[in-house]
Amino acid sequence: WKELLEISQGNDTLNYFIGSALMADKQVFQAMPFFDEVIADTRSSFLQDARWYKVMALLYAHKKQEAVMIKEKTEHRVAVEWSIYGTAVLLEAVCDG
């Protein structure tokens, strides 16, 4: 996929799936820049999912404040559920636990 990305730089689909594959392989820090590329394209159909994965990556990196800021911008279904059921408590548990 990375070879295709060289040909088609800025492709939100490729960036999203490369980031997702890296997350699945527990290469969290390497995944973040790919999600950043997707998030930069506000028209991307992967925007909300990329924001959600970025929140998860930031929590993994113990960057709670930054994660909360991005989480507040997302309309991802799980993020909305978190808002209803106590995001602050869950974020604190993940980051401090």
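Which side chain does Lys54 meet in a salt bridge? In this predicted model, the partner of Lys54 is Asp36, with nitrogen and oxygen 2.4 Å apart. The pair brings together distant parts of the chain, for Lys54 belongs to helix H4 (residues 47-60) and Asp36 to helix H3 (residues 28-40), 18 residues apart. The surroundings of the two residues can be described as well. Lys54 has a relative accessibility of 5%, and because buried means under 20%, Lys54 counts as buried. Asp36, with a relative accessible area of 35%, is partly exposed.

The count of salt bridges comes to two. The side chains of Arg43 and Asp41 also meet in a salt bridge, with an N to O distance of 3.8 Å. Here Arg43 is exposed, at a relative accessible area of 75%, while Asp41 is partly exposed at 23%.

A step back gives the overall picture. The protein contains seven helices and zero strands, so the order of its elements from the N terminus reads α-α-α-α-α-α-α. Of its 97 residues, 39% are buried. Among contacts with a separation of 6 or more, 41% are made by residues 24 or more positions apart. The accessible surface comes to about 6200 Å², and carbon and sulfur atoms hold 55% of that area.

Helix H3, home of Asp36, offers a simple check of helix geometry. At 1.5 Å a residue, its 13 residues should span 18 Å, and the C-alpha atoms at its ends are 19 Å apart, which agrees. The buried residues of H3 are Val28, Ala31, Met32, Phe34, Phe35 and Val38. Gln27 sits in the loop between helix H2 (12-24) and H3, and is partly exposed at 27% relative accessibility. Although Gln27 and Ala57 are 30 residues apart in sequence, their C-alpha atoms are 9.4 Å apart in space.

Helix H5 (residues 64-73) shows how a helix can have two sides. Its buried residues are Ala67, Ile70 and Lys71. Viewed down the axis of H5, these buried residues fall within an arc of 105°, so they line one face of the helix. The face turned away from the buried side carries the exposed residues Gln65, Met69, Glu72 and Lys73. A general feature of helices helps in reading such patterns: an α-helix has 3.6 residues a turn, so residues three or four places apart point the same way.

Aromatic rings provide another set of links. The number of aromatic pairs comes to seven. In one of them, the rings of Phe17 and Phe46 have centres 5.5 Å apart and planes at 80°; because planes over 60 degrees apart count as edge-to-face, this pair is edge-to-face. The Phe17 and Phe46 pair also joins distant parts of the chain, with Phe17 in helix H2 and Phe46 in the loop between H3 and H4, 29 residues apart. Phe17 is partly exposed, with a relative accessible area of 34%, whereas Phe46 counts as buried at 16% relative accessibility. Both rings belong to one aromatic cluster, formed by Tyr16, Phe17, Phe35, Phe46 and Tyr53. Within that cluster, Phe35 is also one of the buried residues of H3.

Technical notes: Residues numbered from 1 in each chain as written. Predicted model: local features only at pLDDT ≥ 70, side-chain atom pairs only at ≥ 80, totals over all residues. Heavy atoms only, no water. Salt bridge = Lys/Arg side-chain N within 4 Å of Asp/Glu carboxyl O. Helix = DSSP H or I, 4+ residues; strand = E, 2+ residues; numbered from the N terminus. Buried < 20%, exposed > 50% of the residue type's maximum accessible area, 1.4 Å probe, protein only. Arc of directions from axis to C-beta. Expected span 1.5 Å × (residues − 1). Contact = heavy atoms within 4.5 Å. Areas by Shrake-Rupley, 256 points an atom, 1.4 Å probe, with all protein chains shown as cover. Phe/Tyr/Trp six-rings, centres within 6.5 Å; stacked < 30°, edge-to-face > 60°.
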